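I set out to record what can be read from this model about its sheet, its core and its division into domains. The entries follow the order in which I looked things up.

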Amino acid sequence: MPRRGRDGGARRCGGRLVPGVLGRPAGGHLRRGDGAVSEKPLVVVLHGPSGVGKDSVIAELKKRLGIHRATSSTNRAPRGDERHGVDYYFISDAEFRQKIANGEFAEWAEVYGDLKGLERSEIEGPLAEGRDVIIRTDVQGARTWRKKLEGAVFIFLMAEDREALRAQLVGRGSEDAESLARRIAALEDELDDIENNDYVVINRHGRLEEAVNEIAEIIRREKANPNRPPARLIG
Ligand SMILES: Nc1ncnc2c1ncn2[C@@H]1O[C@H](COP(=O)(O)OP(=O)(O)OP(=O)(O)O)[C@@H](O)[C@H]1O
């Protein structure tokens, strides 16, 4: 895959990643050979370590770009101030299983005893309307989406200091030993996956806007990229 960016800019993977700020301002739409402007709706898959700022970034992107945040469904009950249609679609176990049987999920899994999945309509519906979609996931989800999505852009959101992420997990002090070990293993798994993404964006402390600007720029550029196949679910 081609590298992008200069001056330590966010780069296309394919070798060693050097994250940072995109190297050059984008120009207008890229043009195909026949002169047609390519401006296709995009699917972005965003993942990164726990607490790195995924929700904060997506909330800003929604405000700015109107991108559709793909909302997962679950058979578990809402917790705390979780809201139906915002955090998840909270549906009954029977309804969830019926949707599995109907082939309505693009992907689903049992996670610590709860069923969670993303319906195809959460991706295909907005795309059909010409809207961009962002999927928030974890590293396992990213691995799955790489096989199930064509034309999607994978962004890894990272903190400026990987040691700080470990320290943050340990320092929370709220976890029992088993849960802490699980979270640290998940962190290592996320970090091992960095090179499999198209871009790495750093969310620097106190500089959320820069990370949002960078991702907005990636989206703008990738939507205009004539070499990117139209985003679609495979199968
Ligand atoms: N650039 C930043 N500077 C300072 N604080 C930030 C920044 N980005 C996010 N935060 C804060 O860090 C906390 C975690 O952010 P957020 O919930 O967006 O992360 P997340 O990756 O979605 O977390 P999780 O994976 O645990 O759901 C929030 O309190 C948020 O306000």
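**Entry 1: sheet pairing**

I began with a single bridge: valine 45 has phenylalanine 154, in E9, as its bridge partner. The model is a predicted one, which I note before going further. I then looked up the strands around that bridge and found that E1 (residues 43-47) and E9 (residues 153-158) run parallel and are joined by four bridges.

I next asked in which order the strands of the open sheet lie. The five strands follow the order E2-E7-E1-E9-E10, and the pairing is parallel. Strand E2 (68-69) and strand E10 (199-202) stand at the edges with a single partner strand each, so one side of each is left without a neighbour in the sheet.

**Entry 2: helices on the sheet**

I checked which helices lie across these strands. H4 lies across E1, E7 and E9, and its direction makes an angle of about 155° with E1. Helix H7 (residues 208-223) lies across E1, E9 and E10, at about 155° to E10. For the whole protein I noted seven helices and eleven strands.

**Entry 3: core**

I looked up the largest nonpolar core and recorded 41 residues. Val43, Val44, Val45, Ile134, Ala152, Ile155 and Ile215 are those with the most contacts inside this core. E9 gives the most to the core, with six residues. Both domain 1 and domain 2 supply at least three residues to this core.

I then followed one core member, isoleucine 134. Which residues does isoleucine 134 contact, leaving aside its neighbours within four places in sequence? I listed Val44, Leu46, Ile58, Leu61, Ile67, Arg69 and Ala70.

Over the 235 residues of the protein, 29% count as buried. Of the contacts between residues at least 6 apart in sequence, 65% join residues at least 24 apart.

**Entry 4: domains and their contact**

I recorded the division of the protein into domain 1 (1-20 + 31-67 + 132-235) and domain 2 (70-130). Nine residues from domain 1 and nine residues from domain 2 take part in the contact. On the domain 1 side, strand E7 (133-137) and helix H4 (139-148) each supply at least two residues. E7 gives the most to that side, with three residues.

I closed by asking how many residues of each class make up the side of domain 1 that touches domain 2. By class, I entered seven nonpolar, one polar and one charged residues.

Terms used:
Residues are numbered from 1 along each chain as its sequence is written. This is a predicted model: local features need pLDDT of at least 70, side-chain atom pairs count only at pLDDT 80 or more; totals for chains, interfaces and linings use all residues. Domain bounds come from an automatic or database domain assignment. Two residues are in contact if their C-beta atoms, placed from the backbone, lie within 7 Å. Ala, Val, Leu, Ile, Met, Phe, Trp, Tyr, Cys and Pro count as nonpolar, Asp, Glu, Lys and Arg as charged, and the others, Gly among them, as polar. Two strands pair if DSSP finds at least two bridges between them. Axes are lines fitted to C-alpha atoms, for helices over the stretch in contact, and angles run from 0 to 180 degrees between N-to-C directions. A residue is buried if 20 or more other C-beta atoms lie within 10 Å of its own, exposed if 12 or fewer, and partly exposed in between; C-beta atoms are placed from the backbone. A nonpolar core is a set of buried Ala, Val, Leu, Ile, Met, Phe, Trp, Tyr and Cys residues joined through C-beta atoms within 7 Å.
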